[in-house]
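The following questions and answers introduce a structure to a reader who has not met it before. Please look at the sequence and the model first.

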Amino acid sequence: MSHQVRIPDTAQPVKFEAWKRFFSPANRYLSPLLITLVLLVGQLSYGILESYTRTLLAIGVSLVAELILARIFFGHWPNLASAYITGISVGILVRSPAFWPYALCALISITSKYVLRVHGRHIWNPSNFGISVLFFLASGAVAGLSIQWGNFVWPMIVIWVLGSVIIWRLRRFHISATYVVSFLAFAFLRSWITGDPWQSEISPITGPMYQLFIFFMITDPKTTVRSKTGQCLVVFAVAAVEMLLRLHQVVYAPFYALFLVGPAAMLLEMWKDSRRARLLVAHA
Amino acid sequence: MKANLGARILLAFFFVGLLATPLVISKISARREEAQAKLDESQALARYGFHLQEVSQQAGVRFIHQAPTLDAKLAGIMPEVSSMGASVSIVDFDRDGWPDMYLTNSATGSQNHLYRNMHDGTFQDVAGQMGLADVNQAGTGVSMGAVWGDYDNDGYEDLFLIKWGKPELFHNDQGRGFTRVTEASGLPPWINANTAVWFDYDGDGLLDLFVGGYYSEKLDLWHLNTTRMMPESFEYAKNGGRKFLFHNLGHGRFEEVSEKAGIKSNRWALAASTADLRGTGHPDLFIANDYGVSELFLNEGGHFHEAGEATGVGFAPKSGMNVAYGDILNQGKYAIYVSNISQDGVLIQGNNLWVPREGEASLKYENLARDMGVELGGWSFGAQFGDLNNDGNLDLYLTNGYISLSRTKSYWYDFSRVAGGNSKIIADAADWPAFDGRSLSGYQQKKVWINDGAAKFIDVAQAVGATDTYDGRSVALGDLWNRGVLDVLVANQRGPLLIYRNTVNPENQWVEFALEGAKSNRSAIGAQVTLYWNGRQQVQQVSGGSGFAAQNDRRLHFGLGKNAQIEKALIRWPSGKVQVVENLVPGKFYNVREAE
């Protein structure tokens with residue numbers, strides 16, 4: 001048996017470390033990069049956007065609103081990564097020939113973070129709040145993204161794989177995975193209940209709207225509960241509520257389900273925290 | 001939160017204001033619609049200059065369209081896959097100077113109708129005696145539309161019958177009957193088409209024919225081997241029917257030359273029409289595709305290149321269902337109207353009004369449908385431009401409504417979840433939930449948009465009497481009773497043919513032209529008339545098919561407004577000849593033959 005002598009390669013670990021740092025949860029720009037990539041691939045390949053100008057309007061309004069409101073209410077200039085994701089989500093998910101819904105939705109989304117707060121935390125995912133409100137109140141002027149990104153399965157697989165890797169590095173893969181498994185289970189249950197083809201029940205999750213929902217909305221660290229089990233239970237509950245809404249033929253069921261379940265879970269966690277704190281004080 | 005209480009209260013008010021904004025906007029638009037209440041004839045005449053009255057029964061036209069019933073494998077979604085076929089085309093087949101009309105039917109064994117104008121306000125169906133009725137026999141497919149053109153230049157308009165099935169060509173035997181000449185013409189055995197247009201693409205004086213396939217021509221929709229026959233995508237589908245360009249060789253023979261001429265596409269064509277969009281003297285071809293982008297084939301003198309994306313009309317994929325040209329700004333240039341789908345809360349594609357950009361080196365269009373007010377028309381189908389109130393500006397009539405069944409249950413939820421899915425799912429009819437009697441954008445109100453002459457259109461449909469809610473498909477305009485006004489014909493799927501008789505404020509004047517080619521094709525299809533009056537101008541063309549499965553009267557109708565002084569009419573014939581007609585007076589019909 002011969003011994004191989006390895007010459008230490010100093011360049012390799014440095015490079016690996018750099019990549020590791022890049023793909024670490026500490027990198028706040030990973031999610032914005034992924035969503036930008038998704039947007040560019042979708043738009044350059046298939047022209048998914050209503051228009052560049054509308055999407056830029058949503059992003060611009062989000063960023064400006066965040067800058068102003070954070071300065072006024074927190075007294076500092078904020079990191080804009082989260083506002084950027086909100087703007088780009090609005091720019092992709094909202095479909096309207098008019099401009100005003102993009103600006104309004106972005107503004108409602110960002111403002112909600114500063115108005116709808118409990119114990120110093122905002123309880124709704126901003127873009128989920130803005131989009132749900134707009135779909136509910138402005139149905140005559142707005143629709144959701146309800147189309148494919150091209151005809152081919154490969155772009156979809158690439159986005160799923162890339163999204164999964166990044167979400168895994170951000171330590172939130174369990175949230176997306178639990179939701180997908182729950183959605184599929186409920187889809188087959190719905191098919192059994194309604195008698196509709198199972199393909200039509202799983203069809204929505206094969207579209208891009210769900211990719212954005214799964215990777216960027218339900219995984220938002222600011223509006224998810226802390227424990228891993230809790231996070232899984234919450235998205236299971238989202239999928240369950242979504243199933244009920246789908247049985248009533250609600251087109252935007254996933255957004256409304258998250259709108260209902262997300263804040264309820266946050267409030268429950270806060271209540272449990274305060275009870276625990278009270279008990280600790282009592283014990284002390 | 002560092003900010004003081006006052007700032008937080010202000011922000012809360014601002015937030016409530018934001019939430020209230022959509023409600024305020026919808027209230028304002030609801031008020032606008034209410035203001036457009038029904039008016040009686042005298043009120044409509046006073047306010048808008050015209051009034052429409054539905055007179056099909058009085059005119060003796062009692063036609064109800066019957067939809068096709070395709071292969072039983074498609075039973076669950078039959079309302080959707082058999083949702084087209086009602087069409088109307090206007091033609092003076094017997095050359096008596098009075099427009100007649102041809103209506104298609106689409107059930108196997110059903111009869112098409114050719115209504116002869118009896119000159120007394122009524123029509124009589126003569127399809128049977130003319131040999132144009134029994135054209136939907138089992139095994140031959142069913143009718144989807146009809147376009148008329150004098151392919152042999154004998155002075156009488158011949159008929160090309162668009163079908164899901166065997167396309168048919170009928171020769172007009174001097175208005176006394178029609179002879180089926182399909183076999184000798186060289187047409188293929190089967191095309192599942194919804195659109196066709198006559199035009200002389202190579203300027204040889206003989207009318208050629210474009211036919212746009214919808215379903216693949218490989219499918220016999222009554223005997224399917226597979227249920228994988230739906231579009232592979234809601235917006236990027238390329239598995240539709242192929243395109244055909246039949247070059248007229250003379251003597252009733254045609255040669256298929258689409259690939260040689262540069263027209264190659266398997267998108268799902270629903271409407272096509274031609275016009276000389278660049279002033280080259282060569283007619284260009286615009287195709288509105290369902291499930292995808294529109295295509296614009298620019299004609300470089302007998303050879304085409306696709307310029308949809310380059311010109312701006314072919315980037316955003318929608319559900320194109322109509323192509324109509326109109327000089328809406330009276331600038332001597334055509335805008336193009338393409339209808340799409342808009343359904344509150346589910347899908348807002350918006351219709352397209354493609355207006356040529358000024359000052360561009362090459363042809364570029366911008367969509368001004370929203371700015372001009374003709375964007376939202378429900379599940380829009382056929383539309384045509386025409387001056388309905390004779391004020392000198394082209395108005396727009398749009399019909400709509402897809403499937404009207406249950407008044408309380410909608411198929412939209414099921415439609416949206418499958419349409420957004422992967423191609424493997426959407427392409428298979430077996431994956432689509434059953435309709436079960438539900439509606440899909442049914443019972444919709446029509447749009448009659450009048451052009452205010454200042455780049456705005458206003459919907460006056462309810463006010464002027466266009467109040468039906470049938471599933472409209474095809475619209476054709478023509479002066480049915482030679483009164484100097486445009487009447488409106490609407491073919492409805494599984495519904496009656498509607499004749500809206502127009503009454504126009506008599507102070508508004510008009511002039512009409514019937515053109516006949518000499519060196520050019522005798523139908524004068526492709527000829528353009530630019531009329532100059534009172535310092536204004538407007539261009540119109542003779543079309544070999546426009547709108548959705550429709551053809552307007554070949555006579556060109558110009559509204560002139562009050563106190564009109566006509567300077568001249570400049571006619572550009574397809575042969576390239578330019579003819580100037582002067583000493584024209586309002587209120588007259590002019591027959592103009594191409595100068596030899």
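The radius of gyration used below is taken over C-alpha atoms, and the globule rule is 2.2 Å times the number of residues to the power 0.38. The model is predicted.

Q: What radius of gyration does chain B have, set against that of a compact globule?
A: Chain B holds 596 residues, and for that number a compact globule would have a radius of gyration near 25 Å. The C-alpha trace of chain B spans about 85 × 65 × 50 Å along its principal axes. The radius of gyration of chain B agrees with the globule rule, at 24 Å.

Q: How many helices and strands does chain B have?
A: Chain A has twelve helices and four strands. For chain B, the counts are eleven helices and 38 strands.

Q: What share of the residues of chain B count as buried?
A: A residue counts as buried under 20% relative accessible area. In chain A, 53% of the 284 residues are buried. Among the 596 residues of chain B, the share is 65%.

Q: What share of the accessible surface of chain A belongs to carbon and sulfur atoms?
A: Chain B has an accessible surface of about 20,500 Å², with 49% of it on carbon and sulfur atoms. The accessible surface of chain A comes to about 13,500 Å². The share of carbon and sulfur atoms in chain A is 71%.

Q: Which three residues supply more than any other three of the area that chain B buries against chain A?
A: The size of an interface is often given as the accessible area lost when the parts come together. Here 48 residues of chain B are in contact with 58 residues of chain A, and the two chains bury about 4,300 Å² between them, 63% of it on carbon and sulfur atoms. Of the area that chain B buries against chain A, 17% comes from B:Y236, B:Y413 and B:R417.

Q: Is B:N153 buried, partly exposed or exposed?
A: B:N153 belongs to the loop between strand 6 (141-149) and strand 7 (158-165) of chain B. The relative accessibility of B:N153 is 25%, and the range between 20% and 50% is the one for partly exposed residues. B:N153 therefore counts as partly exposed.

Q: Which residues is B:N153 in contact with, leaving aside its neighbours within four places in sequence?
A: Contact requires heavy atoms within 4.5 Å. B:D134 is 19 residues from B:N153 in sequence and 26 Å from it in space, C-alpha to C-alpha. With the sequence neighbours left aside, the contacts of B:N153 are B:G205, B:L206, B:N521 and B:R522.

Methods
Residues numbered from 1 in each chain as written. Chains lettered and ligands numbered in written order. Predicted model: local features only at pLDDT ≥ 70, side-chain atom pairs only at ≥ 80, totals over all residues. Heavy atoms only, no water. Helix = DSSP H or I, 4+ residues; strand = E, 2+ residues; numbered from the N terminus. Buried < 20%, exposed > 50% of the residue type's maximum accessible area, 1.4 Å probe, protein only. Areas by Shrake-Rupley, 256 points an atom, 1.4 Å probe, with all protein chains shown as cover. Buried area = accessible area lost by both parts, 1.4 Å probe.
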